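Say you've just opened a structure you don't know yet. How do you begin to read it?

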Amino acid sequence: MTEITTGSPVIGGYAHAQALDILAASRPEAIKACAEDILTDLGGVSVLANRTGLAMLPFVDTVRNTAFHLGEVLLAEAHIRVPDRGVEGYGAVTGRDLEHAMAIAVVDASIAAGHRTDLVLEFLDAEQRRQEESDRERLRKVEATRVQMETF
């Protein structure tokens, strides 16, 4: 697999971990369409893994600042290799949508190969904006339920 150090820019200033976070939270239909566009000229793809399974969900106790496992979560994962370009891609999402995981793996491999960076960067920018707006909307709804209590 192509060596990518965590925190280093991968595409358009996005670190590898940040790009994967955006991809994992992306809308399934949108990333599947993006992956289809990438696949048209990426080259042959070998599927190394395409499965569902359970993984431990880590969580941090904010009082003691210690990590623990909250429980198990179902996830779909895909691992691919693109021999013509000498890269691999990996994708995982919660749930059992194997096509979503495979689409993430295709985009990840595309990033590693430096293939269709314009399309990938456009997708990452659009999804990040959508996810930020969704987060703001959720926070507005939470704030609307906040109750102000008088303190004596």
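What follows is a short chat between a learner and a teacher.

Q: Where do I start, and what order do the elements come in from the N terminus?
A: Start by noting that this is a predicted model. Then walk along the chain: from the N terminus the order is β-β-α-α-β-β-β-α-α, giving four helices and five strands.

Q: What about overall dimensions: what box do the C-alpha atoms fill?
A: Along the principal axes, they fill a box of roughly 70 × 30 × 30 Å. The protein chain has 152 residues, and 29% of them count as buried. It exposes about 9,600 Å², with carbon and sulfur atoms supplying 53% of that.

Q: How do I read strand pairing, say for E3 and E4: how many bridges do they share, and in which sense do they pair?
A: You look at the bridges and the direction. E3 and E4 are antiparallel, with 15 bridges between them. One of the partnerships to find on screen is aspartate 61 with threonine 66 in E4. The two strands form a hairpin with four residues between them, and in that turn asparagine 65 has a positive phi of about 55 degrees.

Q: And on to the next strand: how many bridges join E4 to E5?
A: Eight bridges, and again the strands run antiparallel. E5 covers residues 87–94. Try locating glutamate 77, whose bridge partner in E5 is alanine 92. This hairpin also has four residues between its strands, and glycine 86 takes a positive phi near 70 degrees.

Q: Now the aromatic rings. How many aromatic pairs does a search of the whole structure find?
A: It finds one. The partners are phenylalanine 59 and phenylalanine 68, with ring centres 5.9 Å apart. To describe a pair, check the angle between the planes: over 60 degrees counts as edge-to-face. Here the angle is 70 degrees, so the pair is edge-to-face.

Q: Are those two rings buried or exposed?
A: In between! Partly exposed covers the range between under 20% (buried) and over 50% (exposed) relative accessible area. Phenylalanine 59 has 45%, so it is partly exposed. Phenylalanine 68, which sits in strand E4, is partly exposed too, because its value is 35%.

Q: Which residues make the nonpolar surface patch?
A: Leu57, Phe59, Phe68 and Leu70 make it, and the patch is about 370 Å². Strands E3 (46–61) and E4 (66–82) are the elements that each give two or more residues to it. So the patch includes both partners of the aromatic pair, Phe59 and Phe68.

Q: Last one: what share of the contacts with a separation of 6 or more comes from residues 24 or more positions apart?
A: That share is 57% in the protein chain.

Conventions. Residues are numbered from 1 along each chain as its sequence is written. This is a predicted model: local features need pLDDT of at least 70, side-chain atom pairs count only at pLDDT 80 or more; totals for chains, interfaces and linings use all residues. Side-chain values use heavy atoms; hydrogens and water are left out. Patches are made of residues with over 30% relative accessible area and no salt bridge: like charges are joined within 9 Å, nonpolar side chains (Val, Leu, Ile, Met, Phe, Trp, Tyr) within 5 Å. Accessible areas come from the Shrake-Rupley method with a 1.4 Å probe; for residues, only the protein chains shown count as cover. A salt bridge is a side-chain nitrogen of Lys or Arg within 4 Å of a carboxyl oxygen of Asp or Glu. Buried means under 20% relative accessible area, exposed over 50%, partly exposed in between (1.4 Å probe, protein chains only). Rings of Phe, Tyr and Trp (its six-membered ring) pair if their centres lie within 6.5 Å; planes under 30 degrees apart count as stacked, over 60 as edge-to-face and the rest as tilted. Two strands pair if DSSP finds at least two bridges between them. Contact means heavy atoms within 4.5 Å.
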